[in-house]
Amino acid sequence: MASGHLMLPLQNVVTIEAKMASKRDFFEDPEVERLLLKHGFRVHITSMGSREIANQDIKGYDVVFPSGQPAADLITRERAAADRPATTYRPFVSPIVLATYREYAEALREKGVAERQPRSGGKPLYYTLDMGEFLDLTKAGRRWDDIGISRQGVRNGNKILAQSSDICEANSAGTYLGLVAFVEYENDAPDTEPEAEKLARRIKPLLVEQGLPSSEKAETYLSADGKGISPIAVIYEHQFLAHQIRYEAEHGTPDTERVLLYPSTRFVTEPQLVALTRDGDRLGDLVATDPELQQRAMELGFRVRESGSDATGDQLADFLGERSIPAPVTSADDTKAVLPRLPLLERMIQIVGDCPPSEGTQ
């Protein structure tokens, strides 16, 4: 226990029942647990994918925290239809990124598909990926060996493909599907169900050529065997940055072996904490407004919203700079992708992942 912070007696602590996806990283952090306990909250987490949260019974829970807006919209729409509206909070954001290793990023750079971000130094951590060119490699059936990965000291005969978590469960996978669909639909989203279904069948090979892994891709990517299992993984930016912050604290230098590809066509995901009860509402307001919790979110790699604004400031870049970790650069020239309307996105997810239909919340 940190000095100077008295905890409330246990009888005054409220236990919050929560369903959470990848943002459980925040609530399972020991320092966050300590700060919440100081304010009278203990959070008991049931962990599952975002779409899984939206498609299962949420009765008896105080909050649910899917990782993106589509799953949150499924929940809030169902609640509103049942005349049980829910309050949503957006305390921080974390872009979808493609996590890879230096050899693969450099092979893509030599092929003209990726470029180092400006001011990135001798061993850059961040690259910008031309999504159209990258998907063209997948459509053509090109393999890593075909584009000269051996020049980087690696041999890999697998197809060039970004791997995601299970598309039937995870928001990151559904969002990446939306990104691929946007690029393949000439920087637009389909407007009708026939268009969406046709597009989903066309892009399916770009997403599931090597099967649909069910594991958490960030865990695989950060493991010792990650390079051989999943050369490019769809994860959230905060998962990479949290690793770099921990690595620098332990080794005094960033992990320059692992790098990020930022798609030139991009989304910023909007994780929404959905409060279902009065206690859940109190927790959501605390996480969104408490300076200590917001500071800790930044220390865990999240882009924290400025007070009273939808914008994120420079705090994260400043924090990384203090630790000699380069900060990623987001270009104003990048194309902002849009997801299909929620019913169409749901239909596309079902087709690409052979998923059961959404049943809505109870």
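**Entry 1. Strand β6**

How many bridges join β6 to strand β9 (residues 233-236)? I looked this up and found 4, with the two strands running antiparallel. This is a predicted model, and I kept to its rules: local features need pLDDT of at least 70, side-chain atom pairs count only at pLDDT 80 or more, and totals for chains, interfaces and linings use all residues. Residues are numbered from 1 along each chain as its sequence is written, and side-chain values use heavy atoms, with hydrogens and water left out.

I noted the terms as I went. Strands (E, at least two residues) and helices (H or I, at least four) are DSSP runs, numbered from the N terminus. Two strands pair if DSSP finds at least two bridges between them.

In the pairing with β9, Val97 stands opposite Ile235. I then checked strand β10 (residues 258-263): 4 bridges join β10 to β6, again antiparallel. Here Ala99 stands opposite Leu260.

Is β6 (residues 96-101) mostly covered or mostly open? I found it mostly covered, with 6 of its 6 residues buried. Buried means under 20% relative accessible area, exposed over 50%, and partly exposed in between (1.4 Å probe, protein chains only). In a regular strand the side chains alternate between the two faces of the sheet. In β6, Ile96, Leu98 and Thr100 point one way. Val97, Ala99 and Tyr101 point the other way, and all of these residues are buried.

**Entry 2. The open sheet**

I traced an open sheet of 5 strands in the order β2-β1-β3-β12-β4, with mixed pairing. Its edge strands are β2 (41-47) and β4 (87-89), each of which pairs on one side only. The twist averages 25° from one strand to the next. For that angle, axes are lines fitted to C-alpha atoms (for helices over the stretch in contact), and angles run from 0 to 180 degrees between N-to-C directions.

I looked inside the sheet at β3 (residues 63-65) and β12 (residues 273-275). They are antiparallel and joined by 2 bridges. Val63 stands opposite Ala275 in β12.

**Entry 3. Aromatic rings**

My pairing rule takes rings of Phe, Tyr and Trp (its six-membered ring) with centres within 6.5 Å; planes under 30 degrees apart count as stacked, over 60 as edge-to-face and the rest as tilted. The count comes to 10 aromatic pairs. I picked out Phe26 and Phe302. Their ring centres are 6.4 Å apart and their planes are at 85°, so the pair is edge-to-face. The pair links distant parts of the chain, 276 residues apart. Phe26 is in helix α1 (residues 24-27), and Phe302 is in the loop between α13 (291-299) and β13 (303-304).

Phe26 is buried because its relative accessibility is 0%. Phe302, at 1%, counts as buried too. Both belong to one aromatic cluster with Phe27, Phe65 and Phe92.

I also checked Tyr221. Arg258 lies over the face of its ring, at 5.8 Å from the ring centre. The rule there is NZ of Lys or CZ of Arg within 6 Å of the centre and within 35 degrees of the ring normal.

**Entry 4. Helix α13**

I looked at the start of α13. Asp290 caps the N-terminal end, with a side-chain oxygen 3.2 Å from the backbone nitrogen of Glu292. Within α13, Leu293, Gln294, Arg296, Ala297 and Met298 are buried. Just after the helix, Gly301 takes a positive phi of about 95°.

**Entry 5. Two polar side chains**

Where is Gln117 found? I located it in the loop between β7 (114-116) and β8 (126-129). Gln117 is buried, because its relative accessibility is 3%. Its side chain reaches the backbone nitrogen of Val329 at 2.8 Å. Contact means heavy atoms within 4.5 Å. Leaving aside neighbours within four places in sequence, Gln117 has contacts that include Tyr126, Tyr262 and Pro328.

I turned next to Arg34, in helix α2 (residues 30-38). Arg34 is buried at 13% relative accessible area. A polar contact of 2.7 Å joins its side chain to that of Glu31. A polar contact is a pair of N or O atoms within 3.5 Å; within protein, one must be able to donate a hydrogen and the other to accept it, and residues adjacent in sequence count only if both atoms are side-chain atoms.

**Entry 6. Whole chain**

I closed with totals. The chain has 15 helices and 14 strands. Of its 362 residues, 54% count as buried.
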